[in-house]
Amino acid sequence: MEGNYANVIIDISHEKVDRPFQYKIPDELRGILRVGACVTVPFGAGNHLRKGYVIEITDRAEFAPDKLKYIAFVQEKDLTAEDYYIRLAAWMKEQYGSTMIAALKTVLPVKQKIKKLEKKSCKLLLSPEEAKVLYEDCLKKHQVAKARVLASLMEEEELPVSLLTGKLHVSMPTLNSLEKQGAIQIMTENNYRNPMEFVEDSKDARSESYGEKKCLSDEQSVILNDIISGYDEGERRTCLIHGITGSGKTEVYLSLIEEIVKRGKQAIVLIPEIALTYQTVLRFYRCFGSRVSVINSTLSKGEKYDQCERAKKGDIDVIIGPRSALFTPFPNLGLIIIDEEHENTYKSESMPKYHARETAIEIASMHDGFVVLGSATPSLESYSRAKSGEYRLYELTKRQAGGELPTVYTVDLREELKEGNRSIFSRQLYGLMEKRLRAGEQIILFLNRRGYAGFISCRACGHVMKCPHCDVSLSEHKNGKLVCHYCGHEEISVKSCPTCGSKYMLGFRAGTQQIEEALHKEFPEAKVLRMDADTTRTKDSYEEILNHFANGEADILVGTQMIVKGHDFPNVTLVGILAADLSLHINDYRAGERTFQLLTQAAGRAGRSNKPGEVVIQTYDPEHYSIVHASKQDYQAFYEEEMLYRELLLYPPAAHMLAILVASPQEEAGSELAHIIGNLIKENANDVGHGTYLIGPAPASVSRVNDIYRFMLYIKNKEYSKLVDIKNILELYIEERRQQEEWRKEVVQFDFDPMNSY
Ligand code: ADP
Ligand code: ZN
Ligand code: ZN
């Protein structure tokens, strides 16, 4: 990296961590020194040597260069876990755009004073004879408290301090004095909070029925052996395991971790919080016992902090958790596993908006470890990298516990309307439901509502109003206009279908509650459970509903995408997807991919045991490739077709996309800044229109939140680094203007390869 000056932060626990000090780079370090490097610098008037971290290298001197001091030296060896994380924060700041402090807070999450739980105990250092002599001596001197301590310790060689100071009314100074005399020793032991206790204490942990680790199948063994022998030969490329649900991915993860742990390394396992169920944790516990711990959002800060401490000290080898578990400070990290790697929750929604996949790969490379991704429906990003050889690709094609893939029927809702059926249930779904209820088998009804579905479509022919420029669906606004939220294109809402002339042009508003009501009307005998954001405000209620259903306490489970994860329901033989179009026409280029993922996962819920399963997909668009390929469970075919679309419109992963959010309490100011940013991009990226593509500015799809106005710009380029360059220019511009008291109320946020719509 070129540049004569380095900006260095000195004290990372300081509030003003974002205020760097500038130093000159000595000749021998020029071009070698990296951002994130740990350096020693003279600091303050006394020029005391202090440890610092380089957060920027620049050619711009902020003071007269002769007033600047030189960096003393770079610390290359004996890097602490913390040093690695500073380097990581620097990387995140550069890659994703944020302040250094926000990046540091992300990677060092509980950097605050947390009271440690300590356990102190007392140990007698004297022989019984010596103790007796001292005891009698104390009594003579009327030191009754000391005598009491000695008497107790003569009975029990080691006692908790709390017992002595509590029940025996001995003061700490008394104990300290005894220690000084050499009679006792006071020992301090950290008493870490352990979130696994609930598992350890459970009968399941001890019950034999959970069995020993499975013997891997041939398919599984081949993957395990290939990855591990590659690892032993120094291969560190990321692996992608593509395997349908139930194909035994988790079992492979467990074996991989075992091998890595045997080699003296540790492992991090990321699982979306919603899939982090008791059963999953138990499987890891059965394998690794107290050497595994778990992090989740229900843990207190103290508990989270303790898990970090346990990892640092080498008390555990494995941590399981959602995205933030990535920053567990293991001393010898060897492996990071990301299960369900396509999930949206792996993308952070606050600054820095990092993706766990890329961040995991960076962390692994800092530790000479590697990453394993797993999914039944890999993200297009990962699968395209696997196909190009950047990742190693492994396939698991069979269900380990048996069970055939279900039979899938697609129902054309336009036909239903033609036949006069306006109910939520098609005739076919209705018939199959009746059959299941009579047979005492269970049903899942799935409403794949996701994100913002403000699209309007024709109920007679299925036509959806789309943006002519961006090929995403237009959203209906209260003022009667249809708006594209990528480019701002607007048109007047239509009263009749431009394709077939039908008057049935409508938005889609059915929610889970309405479905529940319809069920009570149509099937009054059936017991119904509903699972959505309203009924699962706490994590426990989520598991409770799943447990009730698993125990057969209801016939029908209605819910949003939450229900397609986690549990196995062997008695479910019918899955109904009520309106596949709901996720198909959200105003987002990933709509097709998400629909494919959701439908595939939902379909995978039917027929998990020996009873064959059936799936009904209701849609207005039965020919859509996402629906066609999902109904055949054909990932390959879906991938090929979706990639063509991404390449045509330069959406990720065919290109990279940077979303820029401009938010302001004043609509005009926000709009003005968004336009200034648009112009800056045009000026600075000299290839706008061929290489760099700028879309917007336009109001965000949620254009006002809490009276803050939101505007969006999108830039696309095949090269990620070009987008980073633009981000850096914009960051610098805004920083400079802020110093001149401009744009102080406006917020500008960057989101690379966004996964959520704005
Ligand atoms: P995935 O993670 O791909 O959904 P799992 O690892 O959870 O799959 O495996 C699905 C089911 O198959 C589990 O009940 C698991 O215990 C069982 N299973 C996995 N591998 C084997 C094996 N080699 N032999 C027997 N059962 C297995
Ligand atoms: Zn129509
Ligand atoms: Zn558009």
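Here are three short exercises on a predicted model of a protein chain with a ligand.

**Exercise 1. The domains**

Task: List the domains of the protein chain and find which of them is built from two segments.

Solution:
1. Read off the assignment. Domain 1 covers 5–107, domain 2 covers 118–190, and domain 3 covers 197–396.
2. Continue along the chain. Domain 4 is given as 407–452 + 510–649, and domain 5 as 656–752.
3. Look for the plus sign. Domain 4 is the one with two segments.

**Exercise 2. Where domain 1 meets domain 5**

Task: Describe the interface between domain 1 and domain 5 by its contacts, its buried area and its polar pairs.

Solution:
1. Start with the distance. The centres of the two domains, taken over C-alpha atoms, are 28 Å apart.
2. Count the residues in contact. Domain 1 brings seven, and domain 5 brings eight.
3. Take the area. About 570 Å² is buried between domain 1 and domain 5, and carbon and sulfur atoms give 36% of this.
4. Find the main contributors on domain 1. Glu94, Gln95 and Tyr96 supply 63% of the area this domain buries against domain 5. No other three residues supply more.
5. Check for pairing. There are zero salt bridges between domain 1 and domain 5. Polar contact, however, links five residue pairs across the interface.
6. Sort the domain 1 side by residue type. One residue is nonpolar, three are polar and three are charged.

**Exercise 3. Around ligand 1**

Task: Name the residues that come nearest to ligand 1, then examine the polar atoms beside it.

Solution:
1. Ligand 1 has 16 residues around it. Cys215, Gln220, Gly246, Thr250 and Arg283 come nearest.
2. Look at the nitrogen atoms of the ligand. A backbone N or O atom of Cys215 lies 2.7 Å from a nitrogen atom of ligand 1. For Ser217, a backbone N or O atom is 3.4 Å from a nitrogen atom of ligand 1.
3. Turn to oxygen. Arg283 places a polar side-chain atom 2.7 Å from an oxygen atom of ligand 1.
4. Finish with the cover. On its own, ligand 1 has 550 Å² of accessible area, and the protein covers 77% of it.

Notes. Residues are numbered from 1 along each chain as its sequence is written. Chains are lettered from A and ligands numbered from 1 in the order in which they are written. This is a predicted model: local features need pLDDT of at least 70, side-chain atom pairs count only at pLDDT 80 or more; totals for chains, interfaces and linings use all residues. Side-chain values use heavy atoms; hydrogens and water are left out. Domain bounds come from an automatic or database domain assignment. Contact means heavy atoms within 4.5 Å. Buried area is the accessible area (1.4 Å probe) that two parts lose on being put together, summed over both. A salt bridge is a side-chain nitrogen of Lys or Arg within 4 Å of a carboxyl oxygen of Asp or Glu. A polar contact is a pair of N or O atoms within 3.5 Å; within protein, one must be able to donate a hydrogen and the other to accept it, and residues adjacent in sequence count only if both atoms are side-chain atoms. Ala, Val, Leu, Ile, Met, Phe, Trp, Tyr, Cys and Pro count as nonpolar, Asp, Glu, Lys and Arg as charged, and the others, Gly among them, as polar. A residue is near a molecule or strand if one of its heavy atoms lies within 4 Å of it. Accessible areas come from the Shrake-Rupley method with a 1.4 Å probe; for residues, only the protein chains shown count as cover.
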